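Okay, I've got one model to walk you through today, and it won't take long. Have a look at it on the screen while I talk.

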Amino acid sequence: MKTLERITLRHTVRQVVRMDMGGNQVTLKHLSQPRFNVVTIGTQGPVGTVAESVLTMAQHAVQTANRANDKANQVSQDQLVMVGSMSQTIDHYIGAIGAQE
């Protein structure tokens, strides 16, 4: 037989404004209306279990990280090729200038 446990959380928020002018002080106090969102209703599973949605999100995160790693490796290789090409161009122009002297 399952019983539904009820948890009540009370959080009182007060907005207080104090203003001093000379020898006078004015204090305004206002209690805010409680605002809350129900995230989920249900029972907690056994300790150590993970919801399917969490496992799916983790799998997507791993796949995205792997794609980002592949992209970073490709960009690194492209940069090495670009720097090598720039070095060859500079060497060519240095050689051409040296030949003219």
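Going from the N terminus, the elements in the protein chain come in the order β-β-α. That's two strands and one helix. And keep in mind throughout that this is a predicted model.

Let's do the overall exposure before the details. How much of the protein chain is made up of buried residues? Out of 101 residues, the buried share is 0%. The exposed area of the protein chain comes to about 10,400 Å², and 57% of that is supplied by carbon and sulfur atoms.

Now the strands. S1 covers residues 14–21 and pairs with S2 in the antiparallel sense, over eight bridges. Together, S1 and S2 make a hairpin, with two residues between them. If you like checking backbone angles, go to Gly22 in that turn: its phi is positive, about 65°.

So how many buried residues does each strand have? In S1, the count is zero among its eight residues, so the strand is hardly covered. S2, which is residues 24–31, is hardly covered as well: its eight residues also give a buried count of zero.

Let me zoom in on a couple of valines. Val16 sits in strand S1, and across from it in S2 stands Lys29. Which residues does Val16 touch, leaving out those up to four places away in sequence? They are Thr27, Leu28 and Lys29. Val16 and Leu31 are 15 residues apart in sequence, and their C-alphas are 8.7 Å apart in space. As for cover, Val16 has a relative accessible area of 38%, so it goes down as partly exposed.

Next is Val17, also a residue of strand S1. With that same sequence filter of up to four places, Val17 touches Val26, Thr27 and Leu28. Take Val17 with Leu28: eleven residues separate them in sequence, but C-alpha to C-alpha they are 5.1 Å apart. Is Val17 buried or exposed, or somewhere in between? Its relative accessible area is 48%, and the cut-off for exposed is over 50%, so Val17 is partly exposed.

Over on the other strand, Val26 has its place in S2. Val26 comes out at 42% relative accessibility, which means it counts as partly exposed too.

That brings me to the surface. Which residues make the nonpolar surface patch? They are Val17, Met19, Met21, Val26 and Leu28, and the patch has an area of about 500 Å². The elements giving two or more residues to it are S1 and S2. S1 gives the most, with three residues.

If you want one thing to look at on the screen, try the Val17 neighbourhood. Val17 is in the nonpolar patch along with Val26 and Leu28, and both of those are among the residues Val17 touches. That's all from me, so over to you.

Key
Residues are numbered from 1 along each chain as its sequence is written. This is a predicted model: local features need pLDDT of at least 70, side-chain atom pairs count only at pLDDT 80 or more; totals for chains, interfaces and linings use all residues. Side-chain values use heavy atoms; hydrogens and water are left out. Buried means under 20% relative accessible area, exposed over 50%, partly exposed in between (1.4 Å probe, protein chains only). Helices (H or I, at least four residues) and strands (E, at least two) are DSSP runs, numbered from the N terminus. Two strands pair if DSSP finds at least two bridges between them. Patches are made of residues with over 30% relative accessible area and no salt bridge: like charges are joined within 9 Å, nonpolar side chains (Val, Leu, Ile, Met, Phe, Trp, Tyr) within 5 Å. Accessible areas come from the Shrake-Rupley method with a 1.4 Å probe; for residues, only the protein chains shown count as cover. A salt bridge is a side-chain nitrogen of Lys or Arg within 4 Å of a carboxyl oxygen of Asp or Glu. Contact means heavy atoms within 4.5 Å.
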